[in-house]
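Me: I would like to learn how to read a single-chain model feature by feature. Where do we begin?

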Amino acid sequence: MSNKQWTFLSNHSHVLIYLARNPEARVRDIALDVGITERSALGIIGDLENEGYLSVEKIGRRNKYKVHSKLKFRHSMESHKSVGALINIFS
């Protein structure tokens with residue numbers, strides 16, 4: 001019997017791809033489309049920002065996100081590739 005709960009991409013990669021496509025998205029929309037809670041979305045955005053994969057610019061009451069696609073993956077098996085390669089697959 002197969003477990004249909006897992007996916008090949010993590011929630012971090014889902015959020016990164018989503019923000020590359022929708023740089024002015026609201027956290028509510030990110031969470032809804034990725035299938036996570038708003039609190040989880042905020043935590044992931046914080047992780048991505050802290051590691052330099054994402055910049056957040058406050059514009060009024062909204063945020064605008066910029067993905068830094070030239071940065072490399074963190075895991076040693078993928079560290080020779082940029083996250084832009086992943087984003088390009090889903091663009």
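**Reading the model**

Reply: Arg21 is part of helix α1. The model is predicted, and we can start with this residue and work outward.

Me: Which backbone oxygen lies 2.4 Å from a polar atom of the side chain of Arg21?

Reply: A polar contact is read from the distance between N or O atoms, with 3.5 Å as the limit. Here the partner is the backbone oxygen of Phe90, at 2.4 Å from a polar side-chain atom of Arg21. A second pairing concerns the backbone trace: the C-alpha atoms of Arg21 and Val67 are 9.6 Å apart, with their positions 46 residues apart along the chain.

Me: How do I place that helix in the whole chain? What is the order of the elements from the N terminus on?

Reply: List the elements first, then look at overall dimensions. The chain has four helices and two strands, in the order α-α-α-β-β-α. Its radius of gyration is 14 Å, close to the 12 Å from the globule rule for 91 residues, so the chain is as compact as a globular protein of that length. The C-alpha trace spans about 50 × 35 × 25 Å along its principal axes. Among contacts with a separation of 6 or more, 33% are between residues 24 or more positions apart.

Me: How much of the chain counts as buried, and which residues of α1 are buried?

Reply: Burial is judged by relative accessible area, and the cut-off is 20%. By that criterion, 27% of the 91 residues are buried. In α1 the buried residues are Ser13, Val15, Leu16, Ile17, Tyr18 and Leu19. Their cover includes α2 (27-34), α3, β1 (54-59), β2 and α4.

Me: Take one of them. Why does Leu16 count as buried?

Reply: Compare its accessibility with the cut-off. Leu16, in helix α1, has 4% relative accessibility and therefore counts as buried. Next, ask what touches the residue. Leaving aside neighbours within four places in sequence, Leu16 is in contact with Leu48, Tyr53, Val67, Val83 and Ile87. The C-alpha atoms of Leu16 and Gly84 are 10.0 Å apart, at a sequence separation of 68 residues.

Me: Can we repeat this for a strand residue? Is Tyr65 buried or exposed?

Reply: The steps carry over. Tyr65 lies in strand β2, residues 62-67, and at 5% relative accessibility Tyr65 counts as buried. Beyond four places in sequence, its contacts are Leu19, Pro23, Ala25, Val27, Ile30, Ile45, Leu54, Ser55 and Val56. For Leu54, eleven residues away along the chain, the C-alpha separation from Tyr65 is 6.7 Å. The side chain of Tyr65 also makes a polar contact of 3.3 Å with the side chain of Asn63.

Me: Last, the pockets. What is the volume of the largest pocket, and which residues are closest to its centre?

Reply: Read the volume, then the lining. The largest pocket has a volume of about 310 Å³. It is lined by 14 residues, and those closest to the centre are Ser10, His12, Ser13, Leu48 and Phe73. The elements giving two or more residues to this lining are α1 (11-21), α3 (38-50) and α4 (83-89).

Me: Which element gives the largest share of that lining, and how do the lining residues divide by type?

Reply: Helix α1 gives the largest share, three residues. By type, the lining of the largest pocket has eight nonpolar, three polar and three charged residues. Ser13 links two of our topics: it is buried in α1 and is among the residues closest to the pocket centre.

Notes. Residues numbered from 1 in each chain as written. Predicted model: local features only at pLDDT ≥ 70, side-chain atom pairs only at ≥ 80, totals over all residues. Heavy atoms only, no water. 1 Å grid on protein atoms, 1.4 Å probe; cavity = no way out; pocket = protein on both sides within 12 Å on 5 of 7 lines; lining within 4 Å. Points joined across faces, edges and corners; volume = space filled by probe spheres on them. Nonpolar A, V, L, I, M, F, W, Y, C, P; charged D, E, K, R; others polar. Buried < 20%, exposed > 50% of the residue type's maximum accessible area, 1.4 Å probe, protein only. Contact = heavy atoms within 4.5 Å. Polar contact = N/O pair within 3.5 Å; in protein donor to acceptor, adjacent residues only side chain to side chain. Rg over C-alpha atoms; globule rule 2.2 N^0.38 Å.
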